[in-house]
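Thank you for sending this model for comment. The note below is intended to be read alongside the sequence and the coordinates.

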Amino acid sequence: MAVCIAVIAKENYPLFIRSVPVQNELKFHYTVHTSLDVVEEKISAVGKAMADQRELYLGLLYPTEDQKVYGYVTNSKVKFVIVVDSSNTSLRDNEIRSMFRKLHNSFTDVMCNPFYNPGDTIQSKAFDSMVSAMMVQAS
């Protein structure tokens, strides 16, 4: 089950974080921010050698005792982080990729909204409901 989904701006501040249960939100803020170091490391490791490659999915960033943290970065350096419960062994890599694709498409819809100022926190009801549906679907 996806227990946390986060969208992090290019400058590494959160644009959107949703976690289940809500009581653990602070814990997930910490988990997401610690994963940013791994994201930056993976981006710089890929570096200029594969600058033209279109692979945005970073894969498993790091596992913890309770969760697995996956990452994805857009061409505009916005990062998506999905935290999944470790007990869910049925969730495969291609399903995680598909979750990130859905998230990226929905994020693109938010960015195309003329009333959204890039860099503001995401308050779109459509984006929120899509994330909620992904969290329920992944459980």
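The points that follow concern a predicted model and take up its sheet, its hairpins, a helix and a pocket.

1. The sheet as a whole. Five strands make up an open sheet, arranged in the order S2-S1-S5-S4-S3 with antiparallel pairing. Strand S2 (14–19) and S3 are the edge strands, each of them pairing on one side only. From one strand to the next, the twist averages 15 degrees.

2. The helix on the sheet. Helix H2 (residues 93–112) packs on the sheet and touches strand S1 (2–8), S2, S3, S4 and S5. The direction of H2 makes about 140 degrees with that of S5.

3. Strand S5 and its two partners. Strand S5 (residues 79–85) is joined to S4 by seven bridges, and these two strands run antiparallel. Six bridges join S5 to S1, again in an antiparallel arrangement. Phe 80 in S5 has a residue opposite it in each partner: Tyr 72 of the pairing with S4 and Val 7 of the pairing with S1. Further along S5, Val 84 stands opposite Lys 68. S5 is mostly covered, with six of its seven residues buried.

4. The hairpin of S4 and S5. Five residues lie between the strands of this hairpin. Within the hairpin, Lys 77 adopts a positive phi near 70 degrees, and the authors may wish to show this residue in a figure.

5. The hairpin of S3 and S4. Three residues separate S3 from S4 in this hairpin. The two strands run antiparallel and are joined by five bridges, S4 comprising residues 67–73. Leu 60 is placed opposite Tyr 70 in S4.

6. Burial of an edge strand. Why should S3 be described as largely enclosed by the rest of the structure? Strand S3 (residues 57–63) has five buried residues out of seven, and it is therefore largely enclosed. Buried here denotes a relative accessible area under 20%. The text should state this together with the fact that S3 is an edge strand, pairing on one side only.

7. The second largest pocket. This pocket holds about 150 Å³ of space. Its lining includes Ala 9, Lys 10, Glu 11, Tyr 13 and Leu 15, together with Ser 76 and Val 78. Phe 107, Met 111, Tyr 116, Pro 118 and Gly 119 also belong to the lining. By class, the lining residues divide into eight nonpolar, two polar and two charged.

Key:
Residues are numbered from 1 along each chain as its sequence is written. This is a predicted model: local features need pLDDT of at least 70, side-chain atom pairs count only at pLDDT 80 or more; totals for chains, interfaces and linings use all residues. Side-chain values use heavy atoms; hydrogens and water are left out. Buried means under 20% relative accessible area, exposed over 50%, partly exposed in between (1.4 Å probe, protein chains only). Helices (H or I, at least four residues) and strands (E, at least two) are DSSP runs, numbered from the N terminus. Two strands pair if DSSP finds at least two bridges between them. On a 1 Å grid over the protein atoms alone, a cavity is a set of points where a 1.4 Å probe fits but cannot get out, and a pocket is an open set with protein on both sides within 12 Å along at least five of seven lines; lining residues have an atom within 4 Å of a point. Grid points are joined across faces, edges and corners, and a volume is the space filled by probe spheres set on the points. Ala, Val, Leu, Ile, Met, Phe, Trp, Tyr, Cys and Pro count as nonpolar, Asp, Glu, Lys and Arg as charged, and the others, Gly among them, as polar. Axes are lines fitted to C-alpha atoms, for helices over the stretch in contact, and angles run from 0 to 180 degrees between N-to-C directions. Contact means heavy atoms within 4.5 Å.
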